[in-house]
Every structure is written in structure tokens, then in C-alpha cells.
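Grab a pencil and open the viewer. Below are some exercises, each with a worked solution to follow step by step.

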Amino acid sequence: MELSSQVGLNILECLGFEFPNGKKEIENSAEKSADFFVNYQGETKKLDILIEVKLKQYDSKANKEREEILEQGEIYETPTSSRTVESINTIIRSANEQLRQSNINLSSDFNILLFVAAGYDSDTYSEQLINSLYGLANIINWDKNKEKKCYFYHYNEFIKRDSIDCVIVAESKNLDSFSSGEITKKSLNADNFNISFCINPFSKNLSLLKDEFLPKIKGSYDIINPNDEIEKNEAYCLSKEDWDQFGAEQKAFCETNKERLNSIIKYMPGLLPINQYLSDKYKENLMSISWENPKFTIRRQG
């Protein structure tokens, strides 16, 4: 069993998932498959669920460099970005394909990607994943001096990954890394992780998730469901219809200004057509905020 599956199995068991096949992985065919077929007791019935586990740890070369700098008593700077990155998008696309392939031979009520993040950058990995799933941006209202998130401001993975109905994000609180020799149920108890359940608002199984699955989860873990936040006016949103109206203008602007686009996004976001459209839609003075924030680490001596 691969390391990611060992980690995922323990976390899933702690979260209350059952393994009708005796904690065995799904047998691989010629095509890549999901990792586990599990059960979960819903509100009124037992649910059949396919789960793919993905483990994201820090780069060993970068960590070696980090350790050398910290050992010298110096400050280590990580130029992290909370925006989407290709390595995270690749994980999502791969999981979607594996779940889709398994659904050819295995029927499930819905499918889940379990994303486990470990290491000093685990919070960044988790944030990048969630931002990528929902195309999130931070928006400031200059009239009210308030900040809200905006769903689907950027390209989002959920709208195209229809084989993923929910993503469980397990971000380690105090575990630097995993290796086969360290896998114990005690160390992988759900209490050692920040757990979030990210609901795909485009899922064809959304009603089943809301009626059967989420009621058993609520109160124990964080649940991200854009529809709830948007309906309560707690977040902004750009719908598919919105993108149909202004998307061509935004694309043309980005193409024309591609050489200085990063500077515009960071220092002059008011020039972006998307921000003008968002302001007009909500009749508020709105602007996106850049998320490029480095992380600084120092090791306490003694």
C-alpha cells in the first residue's frame, strides 16, 4: 500500500468511514483507479463512496536548504502564493480521472478526494487547493471598508471536474512529514489535522450531499459550501452567465497587457474589466486584492 493510502486510510477511519472490503485498496486494472470503496452512515441510509487520496508534502531539496538557513540562526523566506499553482491543479485533475475510471465498474452515491497536506507549507498547500477549486479572490469594498471573498472570480477546477463531488482537506497541525515507519493510528488521529469539507456546488449529487451526508458532518468540521455563503450575502460570486457577458473583454485585456499583467493585478487592479463588472453587478466600489504574501520562519535557539 502506498504511503498516501496508508495516511488516508487512518484519517478516513477516524472520520467515521467504514471499509466493507476489509481496509483494502481497490484493485488496479489497466487504468488508474481510485484508492478506496467505503461506506458512511447518512441521515437515513448507508452511503457508498469512492475515495481517492492525494498526499502533498514539502520538496526535500527546498527543505534541506530551509534547514541549513534556520540552523545558522537566519530568517528563511518562502515566496508562497495562495493563488492556484499547476502542481495543485494536476492533483485535482488526476484525482478526477481516477474516480471517473473507477465509476465505470463501481457504482457510488458520490465521490470524494481526500487531500492531505503535511510539512511547514501545509497551510499554503491547503489554501492553494481551496482557491483552485473555487476560483477564489479577496475583494475589498472601498465604500464600506470591508472585505469579502468572491467565488469563481478566477478559473475554477470544480466546474469541470464533475467526478469529484466533495474534497476533504486534512491539513496537519504538528506533523512535519510522513514516512512508512511513522504511520500509526495515534499520530494520524483526526485531532492532529484541520479538517475541511469542500462541497462542489456543480455536483449532480448536491441534494444527496446536503440531505444525507452534511447533516452528519456539521458541527464537527468546517464545511465550505459556496451556495450557503452567497445566499446569505456573505460572499460575492461571478456566475457562468456573468463570464459569458464580460469574459471576452477580460480575455482581450489580459492578452493586450500580458507583459505587464502581473503588475496590473498587483498594483492597478482597478484597470481590470473583471473588477469593473463586479462593481456594476453589486453596485458597490469593489476591487480585488493581491494574495502574494511571503512567509518568514525563524528558529528559536536554546
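**Exercise 1.** What is the strand order in the open sheet of six strands?

*Solution.* A word on the source: this is a predicted model, where local features need pLDDT of at least 70 and side-chain atom pairs count only at pLDDT 80 or more, while totals for chains, interfaces and linings use all residues. Residues are numbered from 1 along each chain as its sequence is written, and side-chain values use heavy atoms, with hydrogens and water left out.

Step 1: get the terms straight. Helices (H or I, at least four residues) and strands (E, at least two) are DSSP runs, numbered from the N terminus. Two strands pair if DSSP finds at least two bridges between them.

Step 2: read across the sheet. The order is 1-2-4-7-8-9, and the pairing is mixed.

Step 3: check the edges. Strand 1 (36-41) and strand 9 (222-224) sit there, each pairing on one side only. From one strand to the next, the twist averages 30°.

**Exercise 2.** Work out how strand 1 fits in with strand 2.

*Solution.* Step 1: look at the pairing. Six bridges link strand 1 and strand 2 in the antiparallel sense, and Y40 stands opposite L47 in strand 2.

Step 2: find the connection. A hairpin of four residues takes you from strand 1 to strand 2.

Step 3: check burial (buried is under 20% relative accessible area, exposed over 50%, partly exposed in between, with a 1.4 Å probe and protein chains only). Five of the six residues of strand 1 are buried, so strand 1 is largely enclosed by the rest of the structure.

**Exercise 3.** Which helices pack on this sheet, and at what angles do they run?

*Solution.* Step 1: start with a strand pair. Strand 4 (residues 110-117) and strand 7 (residues 166-172) run parallel, joined by six bridges. L114 of strand 4 faces I168 in strand 7.

Step 2: add the helices. Axes are lines fitted to C-alpha atoms, for helices over the stretch in contact, and angles run from 0 to 180 degrees between N-to-C directions. Helix 3 (residues 86-105) lies across strand 2 (46-56) and strand 4, at about 145° to strand 2. Helix 4 (residues 122-134) packs on the sheet too, touching strand 2, strand 4, strand 7, strand 8 (193-199) and strand 9, and its direction makes about 165° with that of strand 7. Contact here means heavy atoms within 4.5 Å.

**Exercise 4.** Is S172 buried or exposed, and which residues does S172 touch?

*Solution.* Step 1: place the residue. S172 is in strand 7.

Step 2: read the accessibility. S172 has 4% relative accessibility, so it counts as buried.

Step 3: list the contacts. Leaving out residues up to four places away in sequence, S172 touches A117, A118, G119, S122, N192 and F193. The C-alpha atoms of S172 and D121 are 9.8 Å apart, with their positions 51 residues apart along the chain.

**Exercise 5.** Describe the sheet of four strands.

*Solution.* Step 1: give the order. This open sheet runs 10-6-5-11 with mixed pairing.

Step 2: look at the edges. Strand 10 (236-237) and strand 11 (286-289) have a single partner strand each, so one side of each has no neighbour in the sheet.

Step 3: zoom in on a pair. Strand 5 (residues 137-141) and strand 11 run antiparallel over four bridges, with N138 opposite I289.

**Exercise 6.** Compare N145 with F152.

*Solution.* Step 1: check the backbone. Neither is a glycine, yet N145 has a positive phi of about 55° and F152 one of about 65°.

Step 2: locate them. N145 is in the loop between strand 5 and strand 6 (146-151), and F152 is in the loop between strand 6 and strand 7.

Step 3: compare accessibility. N145 is exposed, with a relative accessible area of 63%, whereas F152 is buried at 7%.

**Exercise 7.** What is the make-up by class of the lining of the second largest pocket?

*Solution.* Step 1: sort by class, where Ala, Val, Leu, Ile, Met, Phe, Trp, Tyr, Cys and Pro count as nonpolar, Asp, Glu, Lys and Arg as charged, and the others, Gly among them, as polar.

Step 2: count. The lining has seven nonpolar, three polar and two charged residues.
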